[in-house]
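Me: I would like to learn how to read a structure of this kind, starting from a single residue and working outwards. Could we look at it together?

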Amino acid sequence: MGTTKTEHFTENQNELATLAKAIGHPARIAILEYLIKVDSCICGDIVNELPLAQPTISQHLKELKNAGLIKGNFEGNAICYCLNEEGFNKIKHFFNHVNAYLDNKKNQCC
């Protein structure tokens, strides 16, 4: 497999790419939407909500957690997940930057 050459990009660019990759799957979007809807939950609740097997959901949760979009705490023998505000602030900042550019662009087209 080829190298990604991530060392040629800034830390911020690499972080945003990781965040984008993490939300680049419909199951992960569904998990995030569910967490927003219930404000927090345990893994079993997500398994009951989505048409995926528990190991598959666990893998998606792991990807979201590794990217910094969710965080989880043990409650008994279950893990309670919620959104990680810090990860979403990075995405929000990027899109605010894009929106500011678009707002200042005066009908110029390439």
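Me: Leaving aside its neighbours within four places in sequence, which residues is Leu69 in contact with?

Reply: Bear in mind throughout that this is a predicted model. Once the neighbours within four places in sequence are set aside, Leu69 is in contact with Leu19, Ala22, Ile23 and Leu64, and also with Cys82, Leu83, Asn84, Gly87, Phe88 and Ile91.

Me: How should I place such a residue in a wider setting, and which residues have the most contacts inside the largest nonpolar core?

Reply: The general idea is that in soluble globular proteins nonpolar side chains tend to be buried together. In this structure the largest nonpolar core has 19 residues, and those with the most contacts inside it are Ile31, Ile46, Ile57, Leu61, Leu64, Leu69 and Ile70. Two or more residues of this core come from each of helix H1 (11–22), H2, helix H3 (43–49) and helix H4 (54–67).

Me: Let us take helix H4 further: is His60 buried or exposed, and which residues does it touch outside its neighbours within four places in sequence?

Reply: Burial is read from the relative accessible area, with the cut-off for buried at under 20%. His60, which has its place in helix H4, has a relative accessible area of 8% and is therefore buried. Leaving aside neighbours within four places in sequence, His60 is in contact with His25, Ala27, Arg28, Ile31 and Leu52.

Me: How far apart in space are Ile29 and His60, C-alpha to C-alpha, and how does Ile29 score for exposure?

Reply: Sequence separation and spatial separation are best read side by side, and here Ile29 and His60 are 31 residues apart in sequence and 9.9 Å apart in space, C-alpha to C-alpha. Ile29 is found in helix H2 (residues 26–38), and its relative accessible area of 33% makes it partly exposed.

Me: Where is Ala20 found, and how far is its C-alpha atom from that of Asn99?

Reply: Ala20 is found in helix H1 and, with a relative accessible area of 46%, is partly exposed. Ala20 and Asn99 lie 79 residues apart along the chain, and their C-alpha atoms are separated by 17 Å.

Me: Turning to the whole chain, what pattern does it follow along the sequence, and why is it described as more spread out than a compact globule?

Reply: The protein chain has 5 helices and 3 strands, which follow the pattern α-α-β-α-α-β-β-α when read along the sequence. Its radius of gyration is 17 Å, well over the 13 Å that the globule rule gives for 110 residues, so the chain is more spread out than a compact globule. The C-alpha atoms fill a box of roughly 55 × 35 × 25 Å along the principal axes.

Me: What percentage of the residues is buried, and what is the accessible surface of the chain?

Reply: Buried residues make up 25% of the 110 residues, while the accessible surface comes to about 8,100 Å², of which 54% belongs to carbon and sulfur atoms.

How values were computed: Residues are numbered from 1 along each chain as its sequence is written. This is a predicted model: local features need pLDDT of at least 70, side-chain atom pairs count only at pLDDT 80 or more; totals for chains, interfaces and linings use all residues. Side-chain values use heavy atoms; hydrogens and water are left out. Helices (H or I, at least four residues) and strands (E, at least two) are DSSP runs, numbered from the N terminus. The radius of gyration is taken over C-alpha atoms; the globule rule is 2.2 Å times the number of residues to the power 0.38. Buried means under 20% relative accessible area, exposed over 50%, partly exposed in between (1.4 Å probe, protein chains only). Accessible areas come from the Shrake-Rupley method with a 1.4 Å probe; for residues, only the protein chains shown count as cover. A nonpolar core is a set of buried Ala, Val, Leu, Ile, Met, Phe, Trp, Tyr and Cys residues joined through side-chain atoms within 4.5 Å. Contact means heavy atoms within 4.5 Å.
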